[in-house]
Amino acid sequence: MDRLESMSILLSAVESGSLSKASRRLGLPLATVSRKVADLEEHLKASLLIRSARGLELTPAGRTYVTGAKAILEQLTEIERTAAGEYTEPRGDLVVTAPIMFGRLHALPVVTRFLEAFPEVSVGLVMTDRVTHFIDDRVDVALRIGALPDSNLMATRLGAVRHVLCASPDYLATNGTPISLDDLERHRIISFESVSSSSTWTFEVDGSAMPVTFRSRLSVNTIDAAIDAGLAGAGIIRAMSYQVAEHVRSNRLAVVLEQFEAPPRPVHLVYDRQSRLPLKLRAFVDFVVPRLRERITGAAL
């Protein structure tokens with residue numbers, strides 16, 4: 001029996017909350033995961049897990065074993081990183097995630113410059129608008145927009161972006177410029193949050209959040225399509241400021257109802273808190289933070 005493998009599988013099951021989730025997370029058949037845990041219990045002559053409708057619970061022996069196993073695996077990871085040279089020079093692989101458009105407009109240019117500066121590091125840049133999980137998705141660094149939940153992760157603030165309403169000058173010349181939230185009722189609205197019969201946008205009025213529900217004349221499922229429709233004069237869109245900054249500066253889109261915008265949303269670089277950061281991660285953080293801050297400031301409206 002490979003005890004290190006069995007330890008890893010047990011920890012994954014405990015962190016995931018079930019054997020089936022651990023199976024999906026590890027890419028192993030459920031039968032294999034179940035057998036590895038059973039073999040470990042047989043080896044120890046002790047029950048480690050209680051399987052119930054609520055998920056997995058640790059027995060007293062299981063809690064003791066998991067605490068020790070976690071410490072052993074963390075020490076092994078440190079030993080491997082030291083042997084691989086991760087603490088002597090930046091080298092190895094990093095997985096970085098970012099929202100799709102932010103990643104394309106800002107993260108990708110900075111990452112390519114980082115790769116030129118550090119030829120021994122490789123980066124997997126995953127651009128997705130879903131919130132990734134550091135353990136399940138094997139993520140090293142994430143760029144996130146919006147308030148962050150409390151966690152043990154390290155977060156470095158890069159700046160802030162606004163949620164803006166805008167439309168083409170031709171559309172506004174034909175249909176008028178809205179000056180109050182009530183004016184939105186008579187305008188063509190383009191939404192992209194979901195293809196549905198109604199949408200809700202939240203604004204700020206006298207310091208309080210005010211939701212406004214409306215029927216979209218056009219619903220699309222990507223922000224790129226919404227921006228294209230806005231540029232074509234199809235109606236009013238709502239986007240993050242960095243997504244439309246170039247179009248606003250070139251007068252292809254005009255921002256409206258700025259006085260009712262919700263508070264700016266923070267942008268953070270997030271990574272796992274570790275007692276000793278691998279040099280590849282430290283080098284990445286030190287390299288991209290000032291450059292992303294500069295790009296976010298430059299994209300401000």
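## Salt-bridge network

Arg162, Glu258 and Glu261 are linked in a network of salt bridges. The model is a predicted one, and it holds seven salt bridges. Side chains of opposite charge can pair when their charged atoms come close.

## Salt bridges from helix α1

Two of the pairs involve helix α1, which spans residues 3-16. In one pair, Glu5 forms a salt bridge with Lys36, and the closest N and O atoms are 3.0 Å apart. Glu5 belongs to helix α1 and Lys36 to helix α3 (residues 30-44), so this contact ties together parts that are 31 residues apart in sequence. Glu5 is partly exposed, with a relative accessible area of 32%. Lys36 has a relative accessible area of 16% and is buried, since buried means under 20%.

In the other pair, the side chains of Glu15 and Arg25 meet in a salt bridge, with an N to O distance of 2.7 Å. Glu15 lies in helix α1 and Arg25 in helix α2 (residues 19-26), so the pair ties together parts that are 10 residues apart in sequence. Glu15 counts as partly exposed, at 43% relative accessibility, whereas Arg25 counts as buried, at 16%.

## A salt bridge within helix α9

Asp286 and Arg282 also meet through their side chains in a salt bridge, at 3.3 Å from N to O. Both residues are in helix α9, four residues apart, and are therefore separated by about one helical turn. Asp286 is partly exposed, with a relative accessible area of 46%. Arg282 is partly exposed as well, with a relative accessible area of 30%.

## The β3-α5-β4 unit

Strand β3 (residues 92-98) and strand β4 (residues 121-127) run parallel and are joined by seven bridges. Within this pairing, Ala98 stands opposite Met127 in β4. Together with α5, the two strands make a right-handed β-α-β unit. In a regular strand the side chains alternate between the two faces of the sheet.

## The cavity

The structure holds one cavity of 30 Å³ or more. The volume of the largest cavity is about 40 Å³. Its lining consists of Val96, Ala107, Val110, Val111, Leu143, Leu269, Phe284, Val288 and Leu292. Helices α5 (100-117) and α9 (279-298) each supply at least two residues of this lining. Helix α5 is also part of the right-handed β-α-β unit, and helix α9 also holds the Asp286 and Arg282 pair.

What classes of residue make up the lining of the largest cavity? By class, the lining has nine nonpolar residues, no polar and no charged.

## The second largest pocket

About 640 Å³ of space lies in the second largest pocket. This pocket is lined by 30 residues, of which Pro99, Thr128, Asp129, Ile145 and Arg265 lie nearest its centre. The lining divides into 16 nonpolar, eight polar and six charged residues.

Which strand or helix gives the most to the lining of the second largest pocket? Strand β5 does, with four residues. The elements that each supply at least two residues are β3, α5, β5 (141-145), α7 (223-231), β12 (237-240) and α8 (241-249). Among them, β3 and α5 are members of the right-handed β-α-β unit.

Conventions. Residues are numbered from 1 along each chain as its sequence is written. This is a predicted model: local features need pLDDT of at least 70, side-chain atom pairs count only at pLDDT 80 or more; totals for chains, interfaces and linings use all residues. Side-chain values use heavy atoms; hydrogens and water are left out. On a 1 Å grid over the protein atoms alone, a cavity is a set of points where a 1.4 Å probe fits but cannot get out, and a pocket is an open set with protein on both sides within 12 Å along at least five of seven lines; lining residues have an atom within 4 Å of a point. Grid points are joined across faces, edges and corners, and a volume is the space filled by probe spheres set on the points. Ala, Val, Leu, Ile, Met, Phe, Trp, Tyr, Cys and Pro count as nonpolar, Asp, Glu, Lys and Arg as charged, and the others, Gly among them, as polar. Two strands pair if DSSP finds at least two bridges between them. A crossover is right-handed if, with the strands pointing away from the viewer, the path from the first strand over the helix to the second runs clockwise. A salt bridge is a side-chain nitrogen of Lys or Arg within 4 Å of a carboxyl oxygen of Asp or Glu. Buried means under 20% relative accessible area, exposed over 50%, partly exposed in between (1.4 Å probe, protein chains only).
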